[in-house]
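Subject: A structure for you to look at

Hi,

Here is the structure I promised to pass on. Please open it alongside this email, and I will walk you through what turned up.

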Amino acid sequence: MVKKIYIFLFSVLFVNVGNAQIEDQENFLQNEVLKEQVYLHLNSSLLFSGEKLLYKFYCLDSETRKLSELSKTGWVVLVNSDKEQVFKHKLQLRAGQAYSDFFIPSNLPSGAYKILAYTAWMLNAEDNYFEQDVYILNPYQSENKGLILKDSIATFSQNITVEKNTSNFNLKLNKSSFSSRELVTLTSDGPSKLNGNFSISVRRKNNLKKPELLNSTNFNESYENINWDFSDTLIFPEVRGSLITGKVIRNDDQQVSNNLIVSFPGEENQLNIISTKENGEFNFTIDQAINEEEVLIQIANNQNNDYSIELKQNPQPDLGSLNFETPEVYQGFKEYILEKSINNQIENAYSATKADRTIFHDNSGYFFEENLEKFNLDDYTRFPEVTQTFVEIIENGRVKRNADGSHSILVRNKNTNGEFTLPALLVLDGVVIQDHDKLVSFDAEGIESIGLLRNKFFFGPEIYQGVVVVETIEGNFPEVFRDDTIKSQPISTTQNPKKYYSPDYQSENLERIPDYRTQLWWNPTINFEPGKKHLKFYTSDLTGEFEINLQGFTDDGEPVSLKKYFRVE
């Protein structure tokens, strides 16, 4: 199926089609390509300043409820009651899943918010996104215009029961009541092997009024009247990664006939050369996670600053139909809110001790990395000039002085043992350098290594006679290599996954560290494979009633939604 979609996208992006073909394309999209839905498992629908909004993103086939392999990028947006975006997260989906979090800052006002989640493909249908109401309380602001304050205290009933669950599955606690900083053990009770993907939140309950959280068994009710329409503007599914589209605009309004070089500073694995349409439109895909929020684009074989680059905005849902209900807060909860705020401040004061661990992606290097002849300059006697460095250290490569006084860097052909006659492709810190004079005049003391690829190199639509790869010591693409022929554009990066902190009082010395965690545990990557039937976490110094909320889907598309409760005394 995905291969069919690749072929279809190529035909739409690069081939002009007639009306009959357009109708065939619409039929293909309507009947052959799966439709997606998103479910977002949140840790809470009521959060205070200083807390984290935690979420797990599930992208599903709307018919089978199995995780979707179609989209590789997901989007999560928090919107305030003025319909303004508070944050917008871009997620790299792996097997239809991703997770992240948002720290509620002290300058975010109290009020009603909505969190939306979707893929670009879903926006081909109106109002086709996951929507969950969220309340935020900010006790540090003197004016809370986003709240309705009431004198009387309303009583809200809380049913302490296990939710109806469609699977033959349950969780057993080792006991129902615990003391502070005690180990809690959950054991899966049901099939010996439950294949699927799940997330779990363990959090202290409170009686403040808040929106009801959607679960994996009822979230689809909001998708019942969705009408997919491909007759107007088609929004492509991001089937390989984040799809970036844009346009080259020449100052003289002439057509763009050259290819484009796309680079990300420090990101060797995303180097690319792409073609453009006659009208200057282009697109490319970011198929791996990147750390830099910048893309550099330049016209191949061009040294003139006679053009500009415009990147199109990512498709976004229409926020016009969103409705917000102002939160009500009763004066009788003043002491609880004060206690909660103090606890949050104490927890954040020890955030360095209790920090989550961000998992940064590994840069896999250039796709031709294994064929490079690499010279680490610290292994040799260093020379101050690049030209001298090539003469004394870099075998099979040299700096050539041209008749006009400029310089070119060439390599020796590995196959014929003769020198190529044309300049090599020069890449520095993941960015193509077309003006070789910039490297020749650079201080060689700032270079860590130089690598040579000594074969004819077919790179996209271009052919080069070898490649020279330079890595600086800082690895940050120094400013001296930038000029007006290289166009910089901001770009959003995907959220890095994390390993969320959970104390281990058996192995860590935390006796002197206060523990006022409301969120006892959050694990977005739970599985119940054989041998992994026990889940463990520790209580904090807080007493009260706590809720275990497990959500997810089996490999067969069956939703699993389960809640259990216990007390800490």
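Let me begin with the nonpolar interior of this predicted model. The largest nonpolar core has 51 residues, and those touching the most other members are Leu-40, Leu-42, Leu-53, Phe-57, Val-76, Ile-115 and Phe-130. Several elements each supply at least two residues of this core: helix H2 (19-31), strand S1 (36-42), S3, strand S4 (73-80), strand S5 (85-92), strand S6 (97-103), S7 and S8. Strand S3 gives the largest share, with 6 residues. If you would like one residue to start from, try Leu-40: leaving out residues up to four places away in sequence, Leu-40 touches Tyr-55, Lys-56, Phe-57, Val-76, Ile-115, Ala-117 and Phe-130. Apart from this core lies another, of 29 residues, with Val-399, Val-411, Val-431 and Phe-481 among them. As general background, nonpolar side chains in soluble globular proteins tend to be buried together.

Next, the domains. The domain assignment gives domain 1 as 37-152 + 167-225 + 317-360 + 498-568, and domain 2 as 369-481. Between the C-alpha centres of domain 1 and domain 2 there are 50 Å.

Now for the charged pairs. Side chains of opposite charge can pair when their charged atoms come close. Searching the whole structure turns up 26 salt bridges. One of them joins Glu-51 to Arg-203, with 2.8 Å between the closest N and O atoms. Glu-51 sits in the loop between strand S2 (46-48) and strand S3 (52-61), while Arg-203 belongs to strand S13 (residues 194-204), so this pair ties together parts that are 152 residues apart in sequence. Both Glu-51 and Arg-203 are buried.

Another place worth a look is Lys-114. Which side chains meet Lys-114 in salt bridges? Glu-131 does so at 2.8 Å, N to O, and Asp-133 does so at 2.5 Å, N to O. For the pair with Asp-133, Lys-114 lies in strand S7 and Asp-133 in strand S8, so parts that are 19 residues apart in sequence are tied together. Is Lys-114 buried or exposed? Lys-114 has a relative accessible area of 3%, so Lys-114 counts as buried. Its two partners are another matter: Glu-131 is partly exposed, with a relative accessible area of 30%, and Asp-133 is partly exposed at 31% relative accessibility. Salt bridges that share partners also join Glu-51, Arg-203 and Lys-340 into one network.

Further along the chain, have a look at Thr-554, which is found in strand S33 (residues 544-554). Thr-554 has 9% relative accessibility, so it counts as buried. Setting aside neighbours within four places in sequence, Thr-554 is in contact with Leu-194, Asn-195, Gly-196, Phe-198 and Val-560.

Finally, a word on confidence. The chain has a mean pLDDT of 89, and 91% of its residues reach 70 or more. Over residues 156-164, however, the pLDDT is below 50, and this stretch has 20 contacts in the model beyond near neighbours in sequence. Where pLDDT is low, the predicted coordinates should not be read in detail.

Happy exploring, and do write back with any questions.

Best wishes

Conventions. Residues numbered from 1 in each chain as written. Predicted model: local features only at pLDDT ≥ 70, side-chain atom pairs only at ≥ 80, totals over all residues. Heavy atoms only, no water. pLDDT = per-residue confidence, 0-100. Contact = heavy atoms within 4.5 Å. Helix = DSSP H or I, 4+ residues; strand = E, 2+ residues; numbered from the N terminus. Buried < 20%, exposed > 50% of the residue type's maximum accessible area, 1.4 Å probe, protein only. Domains from an automatic or database assignment. Salt bridge = Lys/Arg side-chain N within 4 Å of Asp/Glu carboxyl O. Core = buried A, V, L, I, M, F, W, Y, C linked by side-chain atoms within 4.5 Å.
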